[in-house]
Amino acid sequence: EFMEALRSEVARDLHDHTGQLLTTLRLDLERATTELQHHPTAAQRSLHQAMERLGQVQRSVKHLARGLSPSTLDYMGLVPALEALFDECLRPAGVQVSFFTKDLPPRFQRDKELALYRIAQEAVHNVVKHARARQLHVNLVRRADRLCLSLEDDGVGFDPREVLDARPPRGLGLILMRERVLQLGGEFTLDSRPGGGTHLAVEVPL
């Protein structure tokens with residue numbers, strides 16, 4: 001069930017973004033083909049648009065591949081990977097980030113690094129897309145034999161029950177978060193209300 005949900009998440013990204021870009025790329029090329037014989041200048045414009053669209057597709061696929069296996073995480077560890085994630089996604093959106101870490105081991109099991117990265121990635125996605133937040137506070141600390149990740153924003157908030165308990169499910173990203181944590185024997189807490197921001201807390205054993 002978990003892997004099926006993960007496949008659905010990747011399929012959604014491919015369909016909603018990359019698929020749309022490829023459709024418009026095909027239309028650009030079809031238009032250029034019909035214009036070539038009688039309207040060479042217009043055909044050049046269409047081909048230029050197609051080249052720009054191809055660049056977008058390449059960036060989209062690269063972003064998706066990085067999401068499936070983030071290279072910074074593999075080479076440098078969780079903290080640098082999270083810093084890169086915040087720089088890439090939050091600061092361009094005008095969201096101020098405070099990131100606090102304490103007592104972390106340099107590296108730990110990859111499945112736990114990847115799970116915490118995925119959770120932060122989904123939370124960041126939600127902050128940018130839905131929360132309309134101005135600030136995000138992130139804490140990643142070690143407490144005895146547990147890793148604790150906390151993300152708190154000042155956005156518009158929502159009712160978690162309407163998302164997590166909906167039938168059919170609405171919040172696939174949040175459901176995947178919870179499943180990842182439970183698979184690792186950890187704890188997942190989501191606290192939010194309309195107009196009150198969102199606080200997400202995760203604990204996993206080291």
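**Exercise 1. Find which helix holds Leu47, and work out whether Leu47 is buried or exposed.**

Step 1: Leu47 sits in helix 2 (residues 40–68); helices (H or I, at least four residues) and strands (E, at least two) are DSSP runs, numbered from the N terminus.
Step 2: Its relative accessibility is 36%. Buried means under 20% relative accessible area and exposed over 50%, with partly exposed in between (1.4 Å probe, protein chains only), so Leu47 counts as partly exposed.

A quick note on the model: it's a predicted one, where local features need pLDDT of at least 70, side-chain atom pairs count only at pLDDT 80 or more, and totals for chains, interfaces and linings use all residues. Residues are numbered from 1 along each chain as its sequence is written, and side-chain values use heavy atoms, leaving out hydrogens and water.

**Exercise 2. Describe the aromatic pair formed by Phe86 and Phe99.**

Step 1: The structure holds 1 aromatic pair. Rings of Phe, Tyr and Trp (its six-membered ring) pair if their centres lie within 6.5 Å; planes under 30 degrees apart count as stacked, over 60 as edge-to-face and the rest as tilted.
Step 2: For Phe86 and Phe99, the centres are 5.3 Å apart and the planes make 85 degrees, so the pair is edge-to-face.
Step 3: Phe86 belongs to helix 4 (residues 78–89) and Phe99 to strand 1 (residues 96–102), so the pair links distant parts of the chain, 13 residues apart.
Step 4: Now check the cover: Phe86 is buried, at 2% relative accessible area, while Phe99, at 24%, is partly exposed.
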